[in-house]
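Take a look at the protein below. Keep the chain in view as you read.

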Amino acid sequence: MALHPYDLYDVRSLLSEEERAVQDTVARFTDERVLPIIGECFDQGRFPTELIPEIAGLGLLGATLPEEYGGAGLNAVSYGLICQELERGDSGLRSFASVQSSLCMYPIYAYGTEEQKQRWLPDMAAGKVIGCFGLTEPHGGSDPANMKTNARRDGGDWVINGGKMWITNGNLADIAIVWAQTEDGIQGFVVEKGFAGFSAQEVKHKMSLRASVTSALFFDNVRVPEANRLPNVKGLKGPLGCLTQARYGITWGPIGAAIACLDEALNYSKERILFDRPVAATQSAQLKMADWARRITSAQLLSLQLGRLKDAGRMAPTQVSLAKWNNCRMAIDIAREARDLLGAAGITTEHCPIRHGLNMESVITYEGTETVHQLVVGRELTGINAF
């Protein structure tokens, strides 16, 4: 029996019928709507906003939330497969969906009031309201506790001052989930686009995530009503809980990027003739691609088990760190090596490895750098905090 080159362990057979249907739907969308335009979007530094209604129409925004709030009620494995297939197209597209779903809709659902859920979640699921997540600050990075953005009570309102950096969807967003220091610890606020003193500035000159909007957010005495405060969480566990949700999806996304690179390299190496034979007929090429398949298979099994643990309510943050660390490293290495196998042709965005490799420079960094996740695992093993 011939094995599928991108699924050597037949992981697909471990999926439910619904999970396979979700994967197939998003795969078709990526093949038909994303791949024909994404290279040009990357070249132009443009996020394909025209795809947002289609992404929403497929139920990919807030997919795991209950249907009463506009979600599709899907399980965690289905959400992971969504991330995998979107990132097979481009990390920027997966980042958009991940921020909207895990970093913006999730905190409203988990930490908000019923009124807040009804007000925002259905429109966010429909793609009518876009969100961004304001946690990272210019000086903070991996140390979110060193937060300078602050919110103080003023009558029935809150007044926010400070700034956030490296914010996906910032200039697209209608609302921002902003985390700020208060007298009672870190709290979350829904800051709306039209609030006086709130502004976003898009980050230019990027060599990574070019088909994505990245911004800096600024808060100059921004008055936010109490009705926009997320009341059901205080402290770092609020934003960190959101990041755990998003990092879970990120463990799946790089698998899609790596599969795209393997697919491109495999097809190219069969067609490229050097010294009277295809490149694919050389031992060096076969050794490389066999190693990529090994690493992709390991990542697939890692994320699938992580998804099963999440659906069973038994997923631990350390397990997410292990999978993000492993799978991002896997994908960035494969993208770099696939670029090399393509030779000079590999430096152009007519082929995907250079684009995926550049994107993975961001993915391996954001929502916890590789070093941070290594230290999380080290702390679990030793019981000693080395941060």
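This report goes through the annotated domains, some strands, a ring cluster and a surface patch.

## Three annotated domains

The model is predicted. UniProt, in an unreviewed entry, lists "domain: Acyl-CoA dehydrogenase/oxidase N-terminal" at residues 16-128. This span is 72% helix and 0% strand. Its end C-alpha atoms lie 31 Å apart.

Next comes the feature "domain: Acyl-CoA oxidase/dehydrogenase middle", which the unreviewed UniProt entry puts at residues 132-222. Here the make-up is 0% helix and 55% strand. The C-alpha atoms at the two ends are 17 Å apart. UniProt also gives "domain: Acyl-CoA dehydrogenase/oxidase C-terminal" for residues 235-381, again from an unreviewed entry. That span holds 77% helix and 3% strand. Its end C-alpha atoms are separated by 26 Å.

## Strands side by side

Start with strand β2, residues 150-154, and strand β3, residues 157-168. They pair in the antiparallel sense, over 5 bridges. Arg-152 faces a partner across the pair: Val-159 in β3. The hairpin of β2 and β3 has 2 residues between the strands. In this hairpin, Gly-155 takes a positive phi near 65°.

Strand β3 has another partner, β7, which covers residues 214-225. How many bridges join β3 to β7? There are 9, and the strands run antiparallel. One contact to find is Gly-163, whose bridge partner in β7 is Phe-218. As you trace these strands, keep a general rule in mind. In a regular strand, side chains alternate between the two faces of the sheet.

## Far in sequence, linked in space

Phe-198 sits in strand β6, which spans residues 198-202. Is Phe-198 buried or exposed? Its relative accessibility is 14%, so it counts as buried, the cut-off being under 20%. Along the chain, Phe-198 and Phe-219 are 21 residues apart. Their C-alpha atoms are separated by 4.9 Å.

Gly-141 gives a second example. It lies in the loop between β1 (131-134) and β2. Gly-141 and Met-165 are 24 residues apart in sequence. In space, the C-alpha to C-alpha distance is 8.9 Å. Gly-141 has a relative accessible area of 47%. Buried means under 20% and exposed means over 50%, so Gly-141 is partly exposed.

## A cluster of rings

The structure holds 7 aromatic pairs. One of them is Tyr-106 with Tyr-111. A pair of aromatic rings is described by the distance of the centres and the angle of the planes. For Tyr-106 and Tyr-111, the centres are 6.1 Å apart and the planes meet at 75°. An angle over 60 degrees counts as edge-to-face, so this pair is edge-to-face.

The two tyrosines fall into separate burial classes. Tyr-106 is partly exposed, with a relative accessible area of 21%. Tyr-111 is buried, at 8%. Ring pairs also bring in Phe-133 and Trp-179, which join Tyr-106 and Tyr-111 in a cluster.

## A nonpolar patch outside

Which residues make the nonpolar surface patch? They are Met-1, Leu-3, Leu-8, Tyr-9, Leu-14 and Leu-301. The patch covers about 690 Å².

Look at Leu-8, which belongs to the segment before α1 (17-44). Its relative accessible area is 34%. Patch residues need over 30%, so Leu-8 passes that cut-off. Leu-8 is classed as partly exposed.

How values were computed
Residues are numbered from 1 along each chain as its sequence is written. This is a predicted model: local features need pLDDT of at least 70, side-chain atom pairs count only at pLDDT 80 or more; totals for chains, interfaces and linings use all residues. Side-chain values use heavy atoms; hydrogens and water are left out. UniProt positions are given in the numbering used here, feature names are shortened, and annotations may be inferred rather than shown by experiment. Helices (H or I, at least four residues) and strands (E, at least two) are DSSP runs, numbered from the N terminus. Patches are made of residues with over 30% relative accessible area and no salt bridge: like charges are joined within 9 Å, nonpolar side chains (Val, Leu, Ile, Met, Phe, Trp, Tyr) within 5 Å. Accessible areas come from the Shrake-Rupley method with a 1.4 Å probe; for residues, only the protein chains shown count as cover. A salt bridge is a side-chain nitrogen of Lys or Arg within 4 Å of a carboxyl oxygen of Asp or Glu. Buried means under 20% relative accessible area, exposed over 50%, partly exposed in between (1.4 Å probe, protein chains only). Two strands pair if DSSP finds at least two bridges between them. Rings of Phe, Tyr and Trp (its six-membered ring) pair if their centres lie within 6.5 Å; planes under 30 degrees apart count as stacked, over 60 as edge-to-face and the rest as tilted.
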